[in-house]
Structure formats: structure tokens, C-alpha cells
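Colleague: I have a two-chain model open and some questions about how it is put together. Can you take me through it?

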Amino acid sequence: MLSYIGRRLMWAIPTLIFVSFISFVIIQLPPGDFVTAYAAQLRNSGDYITEAQEAALRAEWGLNDPLLVQYWRWISNIIFYGDFGRSLEWNSAVSDLIWERLGLTLAISTLSMVFTWLIAIPVGVYSATRQYSVFDYVFTVFGFLGKGVPDFLLALILMWMTFVWLNMDVGGLVSPQFEGQPWDLAKFGNMLTHIWIPLLVLATGGAAGLIRVMRANMLDELRKPYVETAYAQGFGERTVVWRYPVRVALNPFISTVGWALPALFSGDVITAVVLNLPTTGPLLLQALKMQDMYLAGSFILILSVFTVIGTVLSDILLALSDPRIRFS
Amino acid sequence: MTDLQILPPQSFTPQAPPLAPKEQFNADATYTAKPWTLIWWRFRKHKLAVVSLAFMAILGFLALFADFMSPYTPNTISRLNTFAPPNVVRIFHEGQLHRPFIYPMKRARDIETARVIYQEDRGKVLPIRFFVAGETYNLLGLVETNIHFFGIDDRRQQINLLGTESLGRDLFSRLLYGARVTLSAGLIGVAFSFVLGLALGAISGYYGGWLDSMIQRLMEFIRSIPTIPLWMGLAAALPIAWDPLFVYVLITIILSLIGWTHLARVVRGRFLSLKSEDYVLAARLAGASEYRIVTRHMLPAMTSYIIAAVTLAIPEMILGETALSFLGLGLRPPVVSWGVLLQDAQNLRTISLAPWLLAPGVAVILVVLAFNFIGDGLRDAADPYGQ
């Protein structure tokens with residue numbers, strides 16, 4: 001087991017170096033550099049710097065150095081000082097901006113993931129054990145619809161319907177009158193009337209696909225002889241189904257649980273933008289639109305690092321739950 | 001030996017079980033039919049897939065001849081017709097059957113809110129005519145003409161099957177033109193990812209070894225990053241000033257950079273299972289080159305699987321394009337795509353004022369569902385010899 005984990009971690013190191021380099025390249029992709037953007041920003045506020053000053057700044061910040069040197073400076077600052085650089089647009093440290101919004105992002109994503117699983121697993125099991133029943137068809141239709149309807153469209157439609165029928169504007173995390181107020185019971189209650197939409201949208205979107213996966217896995221497992229053996233031993237249906245095939249059918253869930261980590265961090269970007277939620281997603285979008293590349297690149301770097309960690313985590317979990325994997 | 005001779009000869013030839021004549025015919029046909037005929041027979045059983053295929057064929061036709069099928073051009077601004085609701089096509093006028101027609105819309109203002117409202121004028125009938133003269137356009141870029149498939153004969157009034165948007169442009173026409181861009185973006189994106197996926201999947205499955213594990217790691221990694229942020233990152237790096245057509249091509253490439261992994265996985269899996277087939281070994285023993293073995297012996301055996309996988313990849317591309325353009329990172333306004341059209345529907349006030357602006361969203365849903373059904377049908381039909 002230890003050697004397996006060791007091997008997985010060994011794989012993670014080159015991957016991490018690779019992804020950090022890719023992120024840096026993405027930062028460098030747009031034409032111009034930090035100084036060009038800085039000068040443009042100064043011009044917008046009525047100030048200006050001369051060509052010579054620009055050149056001096058470039059020399060001071062080492063922007064004329066080869067790409068690899070610049071990359072090393074960027075990555076070493078991150079590793080040794082946790083300094084992701086500055087966001088030009090917000091004029092503050094990138095890490096501050098991200099941590100500020102991370103709490104809500106994590107809360108919404110975790111909750112919606114829990115809901116997704118709470119819906120998907122029982123429904124998938126039900127659909128498989130009662131194949132071709134009325135509810136199986138209902139859930140199948142639901143699954144296809146969930147696959148076809150983009151999340152942001154569902155969010156838009158829900159928002160529109162609550163606006164027309166309940167005359168409520170559910171965009172944002174709280175209603176405008178609560179914005180900037182300290183947290184109290186009234187504000188919390190107001191938040192609850194807003195937060196159900198992103199949760200519903202994200203949970204149904206995720207559950208639609210997972211129900212299909214769970215159902216297919218369960219159908220494969222239910223046909224295996226060990227299930228029949230268990231019935232022959234005289235166990236009730238509930239015991240048989242939940243104790244054996246469900247555990248095996250959950251394997252693909254475990255192997256993708258690690259991927260939820262980067263998804264948790266980014267939240268669902270488009271849904272958050274549509275619903276105007278103060279999570280990390282809209283921040284990333286804004287950064288990308290303004291070509292605030294240090295902020296955007298750091299985002300992509302953090303996402304990628306989470307991805308690598310997540311993959312290692314789910315591999316370890318898989319190995320724990322399935323001995324065949326760790327001995328192969 | 002003697003034992004064998006005692007046995008009656010007929011016991012050696014297996015007797016066919018008695019079958020009804022019709023089944024007999026079917027069974028014979030099944031034995032002699034070509035693989036593609038078999039695939040088509042199996043595909044036909046999936047009713048939803050057949051309906052979806054017909055739907056996509058019609059939509060493809062509409063998109064290809066968008067300039068002929070739409071009554072107006074996508075950028076015709078009509079200032080006195082902003083946010084007009086969809087016209088209802090009717091066939092009964094004052095209780096009498098009539099050829100398809102619409103009632104003209106009367107523009108008025110709400111006295112309280114001063115908002116523009118439209119009312120049907122039930123007194124007058126505007127019959128829908130076919131092959132009417134309208135704005136000139138180049139049919140498929142070849143023939144200059146001004147004949148549109150349908151329209152109405154009226155200077156003041158317009159026929160807006162799906163209403164109009166903030167500049168009074170006809171949403172139905174824009175939807176058809178947008179279908180061109182959105183569908184072709186999906187197809188081109190899939191074509192790119194097809195090339196990538198086939199090449200890398202084939203290398204990884206055929207050669208195996210360290211190359212295989214490198215490619216596997218790469219695929220795993222790409223698959224696990226949330227696609228939208230990655231797409232956004234790449235799309236945002238494209239300068240705004242570039243030519244829209246160039247941006248369009250680049251966006252499709254970006255979409256396919258991530259989409260190829262699924263296809264590569266299917267191809268790799270097929271290669272792994274075909275590699276050990278006897279006929280491949282036979283070809284190798286006969287001295288066929290590697291290139292010949294791959295292209296002549298292995299690829300034809302997986303064509304149907306690849307087609308199914310490609311079909312299932314198209315909706316992903318379409319959703320990706322829509323999402324990027326919706327966020328303002330993909331295609332930009334002079335280009336008309338469904339994502340660009342949906343940008344108008346971002347605002348809650350606008351939607352409550354003009355819910356028909358969500359029509360491109362409905363179109364996206366229908367197309368994505370249709371491709372999913374077709375893909376499902378093809379996947380079931382891909383192996384016509386299986387059970």
C-alpha cells in the first residue's frame with residue numbers, strides 16, 4: 001500500500017511542474033506585459049509614465065529576462081512566500097482576493113455535491129432494481145433533460161419563474177437591502193431564499209449524469225452470481241442490494257471524487273455569473289475579461305494543483321476500497 | 001471408429017429449429033446483410049434516435065439555406081419594431097378557414113408605465129406568401145437573389161415567428177443564421193478532436209508501453225480539470241481585435257483541445273481489444289506493414305464505434321461554444337451564434353419583458369438532446385453482431 005502511494009506521489013511531481021509551467025504560459029499569452037498594462041492603467045487615471053520609465057520598470061521587475069528565469073521567479077515566490085503576485089485591476093494581492101471569496105464557494109459547492117449524491121445514489125439504485133418501472137422511465141427522462149439543459153439556462157429559467165410568479169428577484173446572495181449589513185437572523189433568512197437556486201441547479205445538473213452511471217453500474221452488478229448467492233442465503237432484498245452491489249457500483253464515484261476538488265474551488269462559473277453570486281467563478285471571469293493575467297493564471301494554477309492532489313487522493317481511496325487495484 | 005459409423009448421419013448436421021416463415025426470412029436476411037445494413041436495422045429500432053436524426057436533418061437544411069429560409073437578414077434593424085412578441089400563425093379568420101396568415105401588430109404605449117406594447121389588429125389579415133421578394137443576399141455565396149422562402153407582402157409590418165430583440169431584428173432569422181455558426185463550430189471542433197483523438201488513441205493503444213502511460217496521464221489530467229475555467233483561460237488569451245472568423249476557428253480548436261480525450265479513450269480501448277485478434281496476427285504474419293495493419297485491418301473494424309463517440313462529442317462542443325459566447329469570451333456580436341444570441345437574455349428584466357429571447361436556449365437543448373439520442377442509438381447499433 002505504501003509503495004503504491006509512493007508511486008502515485010512520484011507521478012504527481014512532474015505533473016505539477018508541467019501544469020505550473022502551462023499556467024505561466026497562459027499568463028504570458030496576451031500581447032504586451034505587466035508594464036504595458038500598468039502604463040495603460042495609469043493613462044486611464046490621467047497619469048502617465050515615459051518610455052524611459054517603462055524601460056526602467058521592465059528592468060527592475062526583470063521582464064526582459066528569458067522566460068524560464070521569469071518562470072522561476074514567479075514559482076519560487078509562490079512556493080516560498082505564498083505570493084501569487086498582484087492583481088492590476090483590484091490593486092491588491094491575488095491571494096487575498098481569492099481567499100476572500102473561497103468560503104462561500106466551498107460552502108455552495110460542497111452542499112450541492114452532497115445533494116447530488118443524496119439524489120443520485122438512491123435514485124440510481126431504485127432505477128436499477130425496478131428496471132422499466134414507471135419511476136425508472138421518469139428518472140430516465142429526467143436524466144436526459146439534465147444532460148441537455150445547460151446549467152446556466154436552468155438558472156435563468158428558475159430566476160425568471162420566481163420573478164414572474166413569486167415576484168422575487170433571487171439574483172445575488174442576499175437582497176440589495178441586506179448588502180453590507182452585519183450577519184443576523186433576518187439576513188440569514190434572506191440568504192436562504194436566494195441560495196436554493198444555485199443548489200438546485202448544481203445538484204440537478206450533477207445528479208442527472210450520476211443517476212445514469214449509478215443505474216448502469218448497478219444493472220451490471222445485479223446480474224452477477226454473487227448477488228444470487230446472497231439471495232439464496234436468505235438475506236432480504238434491502239440487505240443484499242445495499243451491502244454488496246452498491247458498494248461495487250460506487251467505485252466510479254470514488255474515482256471521480258478527487259475531481260470534485262478543483263470543481264469545488266471554481267464553483268460552477270457560469271451559474272454563479274448568471275446568478276451574480278460573490279464566489280470565485282465570477283472573479284475568474286472578470287480577471288480573464290480584463291486580462292488581469294496574474295489573477296487568472298494563479299486561478300488556473302490553483303485549480304490544476306487541486307486537480308493533481310484530487311487525482312492522487314481518489315487513487316488512494318480506490319486502492320483502499322478495492323484491493324485488486326493496489327496489487328496490480 | 002466403429003461407434004461413429006453406427007450413428008445415423010443426420011445427427012451430425014444440426015437441425016434448424018422450426019421457425020415461422022417470416023422469421024426464417026429475417027434470419028436469412030440477417031446472415032447475408034452487409035454490416036452497414038445491419039447497423040441501420042438496429043439503429044432503426046431506437047425510435048427516439050430516428051426522430052432525432054430527422055430533426056437534425058431538417059435543422060441542418062434550414063441552417064445551410066438560412067438566408068433563403070429566413071424572411072429577413074440577421075442584421076436588419078427595424079427601429080419601430082423593438083421587442084415585438086412572436087406572431088401567431090393562424091388559419092381561422094372570423095370563424096372561417098383561411099390560408100395561413102398573421103394579424104398585424106399595432107404599436108402602442110402603456111399609459112401607466114409608458115412601455116411600448118403590441119396588440120394584434122384583428123380586423124386585417126396578412127396572408128403568409130411563399131417565395132416572396134425581400135432583401136437581396138447571395139445564396140450560398142454564389143447566386144445573388146432576393147427571393148425568400150416565406151414572408152408577408154406589407155411595407156410596414158414584419159413577420160416575426162419568434163419575435164424581435166432590442167434592435168428590432170427578427171429572432172427567427174437570427175436563430176437560423178446562428179444555427180449555421182453553432183452547428184458548424186460543433187462539427188469542426190469534433191473534426192479537430194477526431195484527428196487528435198484518433199492519432200493519440202491509436203498510438204497509445206497499438207504501441208502501449210511508456211508512450212501509452214504518458215498519453216494516459218495527459219488524458220487523465222485534461223479530463224479532470226473543470227473544463228469551463230480552462231476553456232475560459234485559453235479563450236481569454238485571444239486578443240479582442242482579431243478577425244471574428246479567425247477567432248471562430250481558434251475557439252473551435254480550443255474546444256477540441258479538451259474534447260479529444262473521450263474519443264482517444266474509445267479508440268485506445270478498441271485497439272487494445274483488436275490487437276490480439278487472430279486476423280491482425282495473420283496480417284502481420286503475411287508481412288503487412290504496420291501502417292497497412294492499422295488502416296486496412298483495424299480501423300474499419302471500429303468505424304461504427306468511432307462514429308458513435310463522435311456523435312456523442314458534438315453536443316459537448318455545442319454546449320461549450322454556447323457557454324463561452326454567453327459569457328462574452330467566445331464569439332462576439334457581429335457573428336451570430338446561439339451563445340451570442342443568449343447574451344441578450346442574461347438580464348432578468350429583459351427576460352421578463354421578452355421571454356421569447358430564450359428561444360435560442362430551447363434550440364440548444366433540442367439539439368443537444370437530439371445528438372445524445374442519435375449517439376445512443378448509434379452506440380447500441382455499433383456492434384450489430386453482438387447480442
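Modeller: Ask away; what follows goes from whole chains to single residues, and the model is a predicted one.

Colleague: How many helices and strands are there in chain A?

Modeller: Chain A has 328 residues, and 33% of them are buried. Its secondary structure holds both helices and strands. The count is 17 helices and 2 strands.

Colleague: And how many helices and strands are in chain B?

Modeller: Chain B has 387 residues, with 37% of them buried. Helices and strands are both present here too. The count is 15 helices and 6 strands.

Colleague: Take contacts between residues at least 6 apart in sequence. What percentage in chain A joins residues at least 24 apart?

Modeller: Chain B gives 69% by that count. For chain A, the contacts taken are again those between residues at least 6 apart in sequence. The share joining residues at least 24 apart is 72%.

Colleague: Which helix gives the most to the largest nonpolar core?

Modeller: That core has 134 residues. Those with the most contacts inside it are A:A155, A:L284, B:L175, B:W231 and B:L263. One helix of chain B, residues 171–207, gives 14 residues, the most to this core. It is helix α6 of chain B.

Colleague: How do the residues of the contact between α6(B) and α9(B) divide by class?

Modeller: Helix α9 of chain B covers residues 244–275. The two helices pack at an angle of about 35°, with axes 5 Å apart. α6(B) passes α9(B) in a right-handed crossing. The contact residues divide into 19 nonpolar, 9 polar and 3 charged.

Colleague: Staying with α6(B), is B:I203 buried or partly exposed?

Modeller: B:I203 lies in helix α6 of chain B. Leaving out residues up to four places away in sequence, B:I203 touches B:L211 and B:I215. A buried residue needs 20 or more other C-beta atoms within 10 Å. B:I203 has 19 such neighbours, so it counts as partly exposed.

Colleague: What separates the C-alpha atoms of B:I203 and B:F271?

Modeller: Along the chain, B:I203 and B:F271 are 68 residues apart. In space, the figure runs between their C-alpha atoms. That separation is 9.1 Å.

Colleague: Are α10(B) and α11(B) parallel or oblique to each other?

Modeller: α10(B) spans residues 278–285 and α11(B) spans residues 290–298. Their axes come within 10 Å and cross at roughly 140°. Roughly antiparallel would need an angle over 145 degrees. The two helices are therefore oblique.

Colleague: Which residues of α11(B) meet α10(B)?

Modeller: The crossing of these two helices, α10(B) and α11(B), is right-handed. The contact residues divide into 5 nonpolar, 1 polar and 1 charged. From α10(B) come B:Y279, B:V280, B:A283 and B:R284. On the α11(B) side they are B:I293, B:H297 and B:M298.

Colleague: Now α3(B) and α15(B): are they perpendicular or oblique?

Modeller: α3(B) covers residues 35–45 and α15(B) covers residues 359–381. Their axes come within 8 Å and cross at roughly 130°. Roughly perpendicular runs from 65 to 115 degrees. At that crossing angle, therefore, α3(B) and α15(B) are oblique.

Colleague: How many charged residues are in the contact of α3(B) with α15(B)?

Modeller: α3(B) supplies B:I39, B:R42 and B:F43. α15(B) supplies B:G377, B:L378, B:D380 and B:A381. By class there are 4 nonpolar residues and 1 polar. The charged residues number 2.

Colleague: Back to chain A. Is A:H194 buried or exposed?

Modeller: A:H194 sits in helix α8 of chain A, residues 185–222. The C-alpha atoms of A:H194 and A:L275 are separated by 9.3 Å, with their places 81 residues apart along the chain. A:H194 has 21 other C-beta atoms within 10 Å, so it is buried.

Colleague: Last one. Which residues does A:L16 touch, not counting those up to four places away in sequence?

Modeller: A:L16 lies in helix α1 of chain A, residues 2–28. With 16 C-beta neighbours inside 10 Å, A:L16 counts as partly exposed. Its C-alpha atom is separated by 31 Å from that of A:P150, 134 residues apart along the chain. The residues A:L16 touches are A:V305 and A:V308.

Notes:
Residues are numbered from 1 along each chain as its sequence is written. Chains are lettered from A and ligands numbered from 1 in the order in which they are written. This is a predicted model: local features need pLDDT of at least 70, side-chain atom pairs count only at pLDDT 80 or more; totals for chains, interfaces and linings use all residues. Axes are lines fitted to C-alpha atoms, for helices over the stretch in contact, and angles run from 0 to 180 degrees between N-to-C directions. Helices (H or I, at least four residues) and strands (E, at least two) are DSSP runs, numbered from the N terminus. Angles under 35 degrees count as roughly parallel, over 145 as roughly antiparallel, 65 to 115 as roughly perpendicular and the rest as oblique. A crossing is left-handed if the near helix is turned anticlockwise from the far one by less than a right angle, and right-handed if clockwise. Two residues are in contact if their C-beta atoms, placed from the backbone, lie within 7 Å. Ala, Val, Leu, Ile, Met, Phe, Trp, Tyr, Cys and Pro count as nonpolar, Asp, Glu, Lys and Arg as charged, and the others, Gly among them, as polar. A nonpolar core is a set of buried Ala, Val, Leu, Ile, Met, Phe, Trp, Tyr and Cys residues joined through C-beta atoms within 7 Å. A residue is buried if 20 or more other C-beta atoms lie within 10 Å of its own, exposed if 12 or fewer, and partly exposed in between; C-beta atoms are placed from the backbone.
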